[in-house]
Amino acid sequence: MIPIDDCKLLISCCNQNGGLYLVQFKHQEYEIEKVLNVGCTGITKYGSSFVVISNSHGIFILDENLQVIKNKALSTELDLHGIAVDNDKVYIVETKTNSIGVYNLENDLERIDEIRFSPENDDVCHVNDLYIVNDKLYVSMFSNPPRKNFSFSTYFPNKTIHKGVILEYSLQERKVVKICYDKLLQPHSVLNYDDTMYYCVSGEFLVKRNEEDVFKCLGYTRGLAVRNQMMFIGQSESRQIPVLLKKHTNILLDCGIYVHDISTKLSSFIPIPSEEIYGILVI
């Protein structure tokens, strides 16, 4: 394993065999512990606590010891994805309705507002992840403008024009300001670190830093965190294998995280006992 500074990660895994895992690195060794035994998607920090999203169980608030102190059920029809916290409000992607719901963290997680990218109550954008810097909201989605009859398979054929984007939305002006990056094949895991944007182009097995390719996985790439010169990158068991093999010479059919040193360009892979990683958070 490459040299790794002591740190802890929370890793959310969704769908079958999902859960929330704690990975602790200490003295060049690591331990993995399952914290929640339910499928989880978005995770973020809120003060000394953590907010975790589950499609089956709604919103969890965990204390600094990763014990559940609050749980609020939400509709299982919303298809919850990424989350971000800003000014005691949690922004939750409700993919099914092309929305971001805004919930008050200080008032029993009441839903107080929403941001809509399409008026339809059906997934035509596949909004998935978000990140807030000042009053700017950065959002990744599979299709912009919205695509009718959304289907994962429409994004793989060779002649398809990829319409995935990362856009900037002004929370103050309540409107989309600009498209930061476009023509992306299934973007996820957008984040800002050291005034630089990092994100996954999942269908290409890539991690990008602004326009630059900085890492290539061997499978479906989703879940991303950066700490100093170290990147932590999630890889899920890939779907659409026959189609993917037309483009990739080999696919690693394992779920886990890559630990990648940006400066040396060396990496290690750590298996996670699940099938699909959604989010990674350094704590």
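## A loop leucine and the sheets of a predicted chain

Leu-109 lies in the loop between strand E10 (99-104) and strand E11 (110-116). This is a predicted model. Phi of Leu-109 is near 55 degrees, a positive value in a residue other than glycine. Is Leu-109 buried or exposed? Leu-109 counts as buried, because its relative accessibility is 1% and the cut-off for burial is under 20%.

**Positive phi in loops**

Asp-194 also calls for a look. Its phi is positive, about 55 degrees, although the residue is not a glycine. Asp-194 sits in the loop between strand E16 (187-193) and strand E17 (196-201). At 64% relative accessibility, Asp-194 counts as exposed.

Asn-134 belongs to the loop between E12 and E13. The hairpin of these two strands has 2 residues between them, and Asn-134 there takes a positive phi near 55 degrees. Asn-134 is exposed, with a relative accessibility of 69%. The table sets out accessibility for these loop residues.

| Residue | Loop | Relative accessibility | State |
|---|---|---|---|
| Leu-109 | E10 to E11 | 1% | buried |
| Asn-134 | E12 to E13 | 69% | exposed |
| Asp-194 | E16 to E17 | 64% | exposed |

**The sheet that holds the hairpin**

Where does the hairpin of E12 and E13 belong? Four strands form an open sheet in the order E12-E13-E14-E15, and the pairing is antiparallel. The edges are E12 and strand E15 (175-184), each of which pairs on one side only. On average, neighbouring strands of this sheet are turned by 20 degrees against each other, direction ignored.

Strand E12 (residues 127-133) is mostly covered. Of its 7 residues, 5 are buried. E12 and strand E13 (residues 136-141) run antiparallel and are joined by 6 bridges. One of the paired positions is Val-133, whose bridge partner in E13 is Lys-136.

On the other side of the sheet order come E14 and E15. Strand E14 (residues 164-170) pairs with E15 in the antiparallel sense over 6 bridges. Ile-166 stands opposite Tyr-181 in E15.

The loop between E13 and E14 holds Pro-145. A cis peptide bond joins Asn-144 and Pro-145, with omega at about 5 degrees.

One distance reaches out from the hairpin loop. Asn-134 and Asp-182 are 48 residues apart in sequence. In space they are 23 Å apart, C-alpha to C-alpha.

**A sheet with strands E1 and E24**

Another open sheet has 4 strands in the order E3-E2-E1-E24, again with antiparallel pairing. Which strands stand at its edges? They are strand E3 (29-36) and strand E24 (277-282). Each has a single partner strand, so one side of each is left without a neighbour in the sheet. Neighbouring strands of this sheet are turned by 20 degrees against each other on average, direction ignored.

Strand E2 (residues 19-26) pairs with E3 in the antiparallel sense, over 7 bridges. Leu-20 has Leu-36 as its bridge partner in E3.

**Cysteines**

How many disulfides does the whole structure hold? A search finds 0. Why is Cys-7 not bonded to its closest cysteine? The closest cysteine sulfur, in Cys-13, is 17 Å from the sulfur of Cys-7, too far for a bond, because a disulfide needs the sulfur atoms within 2.5 Å. Cys-40 also has Cys-13 as the site of its closest cysteine sulfur. That distance is 8.4 Å, too far for a bond. Cys-7 is buried, with a relative accessible area of 9%. Cys-40 counts as buried at 0% relative accessibility.

**The chain as a whole**

The secondary structure of the chain comes to 1 helix and 24 strands. The radius of gyration is 18 Å, close to the 19 Å that the globule rule gives for 283 residues, so the chain is as compact as a globular protein of that length. Along the principal axes, the C-alpha atoms fill a box of roughly 50 × 45 × 35 Å.

Buried residues make up 54% of the 283 residues. Among contacts with a separation of 6 or more, 45% are between residues 24 or more positions apart. The accessible surface comes to about 13000 Å². Carbon and sulfur atoms account for 45% of that surface.

Methods: Residues numbered from 1 in each chain as written. Predicted model: local features only at pLDDT ≥ 70, side-chain atom pairs only at ≥ 80, totals over all residues. Heavy atoms only, no water. Pairing = 2+ DSSP bridges. Axes fitted to C-alpha atoms, helices over the stretch in contact; angles between N-to-C directions. Buried < 20%, exposed > 50% of the residue type's maximum accessible area, 1.4 Å probe, protein only. Rg over C-alpha atoms; globule rule 2.2 N^0.38 Å. Contact = heavy atoms within 4.5 Å. Areas by Shrake-Rupley, 256 points an atom, 1.4 Å probe, with all protein chains shown as cover.
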